[in-house]
Amino acid sequence: MRSRFRRGEVIVRREILDGRPWLVYPTRVAGDDEQVLAVHLAQGTPLTFGRGDFRWGLHPWIEFEHVWQSSGVLQLQRPGDGYSVWGRWADDGTLSEWYVNFQAPLVRTELGFDTLDHELDLVIPGDGSAYRWKDVEHFEERVRTGGFDAEEADAVRAAAASVVDLIERGACWWEQWRDWRAPADWGPPDAVALQGGTPLSAR
């Protein structure tokens with residue numbers, strides 16, 4: 001198992017549901033140290049979806065074009081955290097928002113890392129105005145229908161409370177990345193192929 005990835009290296013982000021890949025895509029490493037694994041998801045990056053029976057059904061994005069359609073985002077995740085923080089920038093280079101994506105703590109793999117989106121999100125405007133919650137109803141519906149057990153739901157709520165505490169204390173560790181920008185030549189990598197539910201490679 002590799003402990004660190006090189007800057008500029010293409011690695012694979014997998015969402016694992018029921019022990020199998022549910023959503024897989026390549027990202028490019030912006031930084032990797034003891035504190036943060038930072039990766040860039042470029043606009044136009046191909047998305048690969050798992051097939052077959054999942055307890056949550058097929059991924060909802062499967063109905064759309066299988067590429068990342070929004071502008072590129074920087075994804076920041078720390079070991080053990082039940083969330084990642086995504087940075088989005090406007091065309092003029094100003095930070096549009098920090099988007100907190102609650103997810104399973106990352107697990108490093110030989111090709112990248114595994115996680116699973118936990119539905120709930122929090123949006124922090126780049127101009128410092130008040131944060132707002134997103135997809136609370138989707139999260140609560142997932143809990144109600146048994147998609148999360150009580151322990152999993154409590155872990156998501158605890159992660160949400162920890163982020164709110166950081167914001168209220170002015171201890172937003174992700175702010176150190178505010179001035180980061182993706183190099184101009186960081187376009188979308190090649191698609192990640194699946195074989196028997198396991199990604200073959202990232203290039």
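Is Tyr83 buried or exposed in this predicted model? Tyr83 is buried, with a relative accessible area of 3%, and the close-up views described below include the ring pair that Tyr83 forms with Trp173.

**View 1. The largest pocket and the residues of its lining.**
The largest pocket of the predicted model holds about 430 Å³ of space, and 20 residues line this pocket, with Trp61, Asp117, Glu119, Asp121 and Asp135 lying nearest its centre. Two or more lining residues come from each of the strands β1 (10–17), β2 (20–32), β6 (83–89), β7 (95–103) and β10 (117–125), and likewise from the helix α1 (136–144). Among these elements β10 gives the most to the lining, with three residues. Sorted by class, the lining of the largest pocket comprises nine charged, eight nonpolar and three polar residues.

**View 2. The second largest pocket.**
About 330 Å³ of space lies in the second largest pocket, which is lined by 15 residues, and of these His40, Ser71, Gly72, Trp89 and Ala182 are the closest to its centre. By class, the lining of this second largest pocket consists of eight nonpolar, five polar and two charged residues.

**View 3. Asn101 and its surroundings in strand β7.**
Asn101 has its place in strand β7 and counts as buried because its relative accessible area, 3%, falls under the 20% limit. The side chain of Asn101 makes a polar contact of 3.0 Å with the side chain of Gln103. Leaving aside residues up to four places away in sequence, Asn101 touches Arg13, Tyr83, Ser84, Trp86, Asp117, Leu120 and Asp121. Of these neighbours, Asp117 and Asp121 are also among the residues that lie nearest the centre of the largest pocket, and Tyr83 is itself buried.

**View 4. Arg108 and its polar contact with Asp32.**
Arg108 is found in strand β8, which spans residues 107–108, and a polar contact of 2.6 Å joins its side chain to that of Asp32. With a relative accessible area of 19%, Arg108 is classed as buried, because the class takes in values under 20%.

**View 5. The tilted pair of Trp61 and Trp68.**
The structure holds 14 aromatic pairs, and one of them is formed by Trp61 and Trp68, whose rings are tilted, with 5.8 Å from centre to centre and 55 degrees between the planes. Trp61 counts as partly exposed at 34% relative accessibility, whereas Trp68 counts as buried at 7%. Trp61 also belongs to the residues that lie nearest the centre of the largest pocket.

**View 6. The tilted pair of Tyr83 and Trp173, and the ring cluster.**
Tyr83 and Trp173 form a tilted aromatic pair, 6.4 Å from centre to centre, with 40 degrees between the planes. This pair links distant parts of the chain, since Tyr83 sits in strand β6 and Trp173 in the loop between α2 (150–169) and β12 (194–195), 90 residues apart. Both partners are buried, Tyr83 with a relative accessible area of 3% and Trp173 at 11% relative accessibility. Ring pairs link Tyr83 and Trp173 with Phe102, Tyr131, Trp133 and Trp174 into a cluster.

Methods:
Residues numbered from 1 in each chain as written. Predicted model: local features only at pLDDT ≥ 70, side-chain atom pairs only at ≥ 80, totals over all residues. Heavy atoms only, no water. 1 Å grid on protein atoms, 1.4 Å probe; cavity = no way out; pocket = protein on both sides within 12 Å on 5 of 7 lines; lining within 4 Å. Points joined across faces, edges and corners; volume = space filled by probe spheres on them. Helix = DSSP H or I, 4+ residues; strand = E, 2+ residues; numbered from the N terminus. Nonpolar A, V, L, I, M, F, W, Y, C, P; charged D, E, K, R; others polar. Buried < 20%, exposed > 50% of the residue type's maximum accessible area, 1.4 Å probe, protein only. Polar contact = N/O pair within 3.5 Å; in protein donor to acceptor, adjacent residues only side chain to side chain. Contact = heavy atoms within 4.5 Å. Phe/Tyr/Trp six-rings, centres within 6.5 Å; stacked < 30°, edge-to-face > 60°.
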